[in-house]
Amino acid sequence: MIIPAPPAPSTPWPLPRIKLHIEDLDHEGAAIFQGAVNARDALHLAVQASYRWLYTVDNPPPKVTQILLILRSMPGVAHTIGTGRDGMEKEIHFSLEYIVHSKARATAEIMGVLVHETVHCYQHNGKNTCPGGLIEGIADYVRLREGYGPPHWKRRGEGAQWDAGYETTGYFLAWIEDTYGAGTVSKLNHCMKNKSYHKRHFKDLTKCSVKKLWNAYCCLLKDDDGAKVLEILSARDDDD
Ligand SMILES: [Zn+2]
């Protein structure tokens with residue numbers, strides 16, 4: 001299935017230059033990719049997703065000038081690096097083997113990975129102090145919001161850590177946003193624009209420490225008892 005062209009941009013910022021490099025056109029993954037998505041439209045959609053969930057008119061995205069998508073043979077799934085003089089030219093490296101591995105649901109999985117990696121092109125990182133788990137959690141939060149969470153993803157609470165990353169943190173951030181209002185995760189991202197990360201950012205935004213938020217979220221997953229969750233959230237909180 002080819003992804004249709006996305007609707008007209010709903011955000012006021014220009015899109016970066018998009019480039020595609022396919023290392024090996026004979027690789028099965030190259031054919032699957034080209035049959036599943038239109039690279040230009042898919043990356044435009046992924047950029048719009050980062051704009052939509054992480055930025056506002058008062059808090060515009062950084063000016064990424066170019067995204068080069070490289071499909072190549074490599075272990076793992078994908079990663080993103082910044083190149084160019086100011087790091088604002090981005091390269092997304094995407095594994096051809098992983099594309100073959102996901103061929104049963106190629107379009108959704110390719111889109112999910114591209115949305116996740118494109119968030120890494122745009123998100124703030126507290127001058128490189130943001131914990132890796134939160135970086136990955138924000139990327140999967142956007143993936144989740146765009147409807148590209150794969151079927152095996154699970155909400156995890158008790159027994160896990162809030163900053164375990166990926167969908168564990170992504171679902172937790174989605175719950176924080178649903179509880180404290182649209183734009184909460186965008187504000188959290190903004191807190192890390194020119195300042196170092198501090199767990200206090202959560203308290204500044206929600207009046208609750210991240211520890212307390214996590215306790216309440218674990219309670220919700222375990223007992224699904226709204227009154228109990230509210231009780232936890234309104235209890236005294238001496239944590240930062
Ligand atoms: Zn990532």
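For this tour, Ala, Val, Leu, Ile, Met, Phe, Trp, Tyr, Cys and Pro count as nonpolar, Asp, Glu, Lys and Arg as charged, and the others, Gly among them, as polar. The model on your screen is predicted, so local features need pLDDT of at least 70 and side-chain atom pairs count only at pLDDT 80 or more, while totals for chains, interfaces and linings use all residues. Residues are numbered from 1 along each chain as its sequence is written, and side-chain values use heavy atoms, with hydrogens and water left out.

**Stop 1: the cavity**

Select Leu 173, Ile 176, Thr 184, Val 185, Leu 188, Phe 202, Leu 205 and Thr 206, which line the largest cavity. On a 1 Å grid over the protein atoms alone, a cavity is a set of points where a 1.4 Å probe fits but cannot get out; a pocket is an open set with protein on both sides within 12 Å along at least five of seven lines; and lining residues have an atom within 4 Å of a point. Rolling a probe the size of a water molecule over the atoms shows where empty space is left. The structure holds 1 cavity of 30 Å³ or more, and the space in the largest cavity is about 40 Å³. A volume here is the space filled by probe spheres set on the grid points, which are joined across faces, edges and corners.

Now colour helix 6, helix 7 (184-191) and helix 8, the elements that give two or more residues to this lining. Helices (H or I, at least four residues) and strands (E, at least two) are DSSP runs, numbered from the N terminus. How many nonpolar, polar and charged residues does the lining of the largest cavity have? There are 6 nonpolar, 2 polar and no charged residues.

**Stop 2: the aromatic rings**

Keep Phe 202 selected and add Trp 162, Phe 172, Trp 175, Trp 214 and Tyr 217: together these residues form one aromatic cluster. Rings of Phe, Tyr and Trp (its six-membered ring) pair if their centres lie within 6.5 Å; planes under 30 degrees apart count as stacked, over 60 as edge-to-face and the rest as tilted. By this rule there are 11 aromatic pairs.

Next, pick out Tyr 51 and Tyr 122, an edge-to-face pair with 5.4 Å centre to centre and 85 degrees between the planes. Because Tyr 51 lies in helix 2 (residues 39-54) and Tyr 122 in helix 4, the pair ties together parts that are 71 residues apart in sequence. Both Tyr 51 and Tyr 122 are buried (buried means under 20% relative accessible area, exposed over 50%, partly exposed in between, with a 1.4 Å probe and protein chains only).

Then return to Trp 162 and Phe 202, whose ring centres are 5.1 Å apart with planes at 75 degrees, so this pair is edge-to-face. Trp 162 sits in the loop between helix 5 and helix 6 and Phe 202 in helix 8 (residues 200-206), 40 residues apart. Trp 162 and Phe 202 are both buried.

**Stop 3: the zinc ion**

Which residues are the protein donors of the zinc ion? Select His 116 (NE2), His 120 (NE2) and Glu 136 (OE), lying 2.0 to 2.1 Å from the ion. Donors are N, O and S atoms within 2.8 Å of the metal (3.2 Å for Na, K and Ca); water is not among the atoms, so sites may look incomplete. Along the sequence, the donor residues are spaced H-x3-H-x15-E. His 116 in helix 4 (residues 106-122) and Glu 136 in helix 5 (residues 132-145) are 20 residues apart. His 116 counts as buried because its relative accessibility is 7%, and Glu 136 is buried with a relative accessible area of 18%.

**Stop 4: the two pockets**

Stay with His 116 and add Val 77, Val 113, Arg 143 and Tyr 166: of the 17 residues lining the largest pocket, these five are the closest to its centre. The largest pocket has about 290 Å³ of space. Helix 4 supplies the largest share of the lining, 5 residues. By class, the lining of the largest pocket has 7 nonpolar, 4 polar and 6 charged residues.

Finally, select His 120 and Glu 136 again, which are among the residues lining the second largest pocket. Its volume is about 190 Å³. Where does the second largest pocket lie? Domain 1 (1-122) and domain 2 (129-240) both give residues to its lining, so the second largest pocket lies between them; the domain bounds come from an automatic or database domain assignment.
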